[in-house]
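User: Could you walk me through this model and explain the reasoning behind the terms you use for it?

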Amino acid sequence: ISQYHQVIIIGSGTAGLSAAYQLHKSGVKSVIILEGSKRIGGRIFTEYLDENLSKPLEMGACWMHGLQGNPVYELAQRENFPAHTGTILNFDIGTCVDENGLYISSELHHEVDQFFDSLLQDTRDLFEFQQINNTQLSSSSIHKVFLEKFENFLNSNAGDNATRSLKLKLLQRRFDQETGECGCQSMEQVSYSEFGSYQRPKGPDMEFPSGYSTLIRYLFSQIPQDWILFEQFVENILWDTDKHVKITCANGNIYECEQLICTIPLAVMKWSYKSLFTPALPAWKSEAIQKMDMGTVDKIYLFYDKIDFFTGDSLAIVYDREHDTLDIKKEWYKKIFLFQKVYDNVLLCWITGDEAIFCEQLNEKHIGDVLTNLFRKTLKNVHIPAPTNVVRTQWFSNPCSKGSYSYVPVGASSCQHIRDLAKPLKVQDKSRVHFAGEHTHTRFYSTVTGAFITGQAQALEIIQELNTKNDTEMFVKANTNDFNKMQWNREEPP
């Protein structure tokens, strides 16, 4: 039996809820959200260590990247979301050792980090230069360009052979850290000329107050609760018809709508777009899905009675290995670039790419045992206890995500391919299927901010479309002060 709604949204993550919130504020009443899983939030998922929700444990997104002019931060401020009481996360190195227990001075790893950060700034300058001059200067990867520049740096400033070797290991650790920032397997995949396309609002990064699920709960509270239907995993979208868009779910349910907002993550579309859309997508949309990419970043939380086996708030370990020559089954842990205290008894570490995907198949006790042996070896302390509990994420194994967040790989263009990901599918020159999500914003891709903005942007497009049908009551509601509060500043449309 087919159910009709004026607007259907696929996905109840940030983009989907942001769109629903905007539609509801603007007076659209016939809306439904089809959520493939049993919960709202998408790639935002917060566990809590206490009943009053003051100790969040972020399983997915955790940072607001830049605060100035960030609509997510402004919403949190305006609605007085509760303050966060945990440790503010960052990637700063405290204790640094190699895998044989050799202590590495802060001066040495700061030198490598500062050089790496200067190269990152170069990529931003390069991108802006290319935009101004309408040209592309390099099609290489971040890894290739940075390694060449670092080799030149070492030739003039390396010290003895042992110091040179150590600096190269520190560089590899920083490459691994950057895969966590980008959401990729290796920096060999990431475009050097496009790296600077990612832009954050000005100001520091900070954790979302009391966990990002606070944002999800707030957006959910602002829409009718019966708008969301769970376990409606969409298998097919019939879009090029004279009548309505027809959506078929895995459980056999069928829904029809006049306007569809699709917030399906890029990785899920890469796996299924050929069967997901009927008829086949136009070539420009298929090419955008193929060219852009999305990788896996997982977290592992280790719980202890107390943590007193390393000083400071973080531990970085550098390993004896050549780039990308890991035996994943035996050495997956060597992709972990930092261990960090998030509470007095909880350590967090990140793992990315194929190593993360392999780690998702392991049981928690085995993960804890491997990391305990690593600590005992690198910190030269056989008495370090095994964790009392291990909690990890499995974003690749989740059929509703198949990964973590998007990046611009070698051979892709943010200006072309992200814009094409964001463009609607039209029937008889009228927009029928709209696309939102972090992967559809040209400058804020990979972030909650990008997802939030694009959800609102597509809702606004639909509101304007409905307004052309002389729905004056809706138009008046769409232009109230409350609506205007939620506007955002951006240099260009997503």
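Analyst: Happy to; what follows goes through confidence, helices and sheets in turn.

User: What makes you trust the model, and where is confidence low?

Analyst: This is a predicted model, and its protein chain averages a pLDDT of 89, with 92% of the residues scoring at least 70. Residues 475–494 are where pLDDT stays under 50; the model has 36 contacts beyond four places in sequence for that stretch.

User: Why is α2 called roughly perpendicular to α13?

Analyst: The axes of α2 (residues 71–78) and α13 (residues 448–467) cross at roughly 85 degrees and come within 8 Å. Angles of 65 to 115 degrees count as roughly perpendicular, so α2 is roughly perpendicular to α13.

User: Which residues meet there, and what is their character?

Analyst: From α2 come P71, V72 and L75, which meet V448, T449, F452 and I453 of α13. The contact divides into six nonpolar residues, one polar and no charged. Thr falls outside the nonpolar and charged lists, so T449 counts as the polar one.

User: How do you know what span to expect for α5?

Analyst: Helix α5 (residues 161–182) has 22 residues, and at 1.5 Å a residue the expected span is 32 Å. From first C-alpha to last, α5 reaches 31 Å, close to that expectation. Just after α5, G183 takes a positive phi of about 85 degrees.

User: What makes β6 and β18 edge strands?

Analyst: The open sheet has six strands in the order β6-β15-β16-β17-β14-β18, with mixed pairing. β6 (95–98) and β18 (389–392) each have a single partner strand, so one side of each is left without a neighbour in the sheet. From one strand to the next, the twist averages 25 degrees.

User: How do you know that β14 and β17 pair?

Analyst: Pairing needs at least two bridges, and seven join β14 (residues 297–303) to β17 (residues 346–352), which run antiparallel. F303 stands opposite V346 in β17.

User: Which helices pack on this sheet?

Analyst: α5 does, touching β6, β14, β15 and β17, and its direction makes about 120 degrees with that of β15. Helix α11 (residues 364–378) also packs on the sheet; its direction makes about 110 degrees with that of β18.

User: What are the partners of β1, and in which sense do they pair?

Analyst: β1 (residues 2–10) pairs with β11 (residues 254–262) in the parallel sense over eight bridges, where Y4 has E256 as its bridge partner. β1 also pairs with β2 (residues 31–34) in the parallel sense, over four bridges; there I8 is matched with I32. Both counts meet the cut-off of at least two bridges.

Key:
Residues are numbered from 1 along each chain as its sequence is written. This is a predicted model: local features need pLDDT of at least 70, side-chain atom pairs count only at pLDDT 80 or more; totals for chains, interfaces and linings use all residues. Side-chain values use heavy atoms; hydrogens and water are left out. pLDDT is the predictor's confidence in each residue, from 0 to 100. Contact means heavy atoms within 4.5 Å. Axes are lines fitted to C-alpha atoms, for helices over the stretch in contact, and angles run from 0 to 180 degrees between N-to-C directions. Angles under 35 degrees count as roughly parallel, over 145 as roughly antiparallel, 65 to 115 as roughly perpendicular and the rest as oblique. The expected span of a helix is 1.5 Å times one less than its number of residues.
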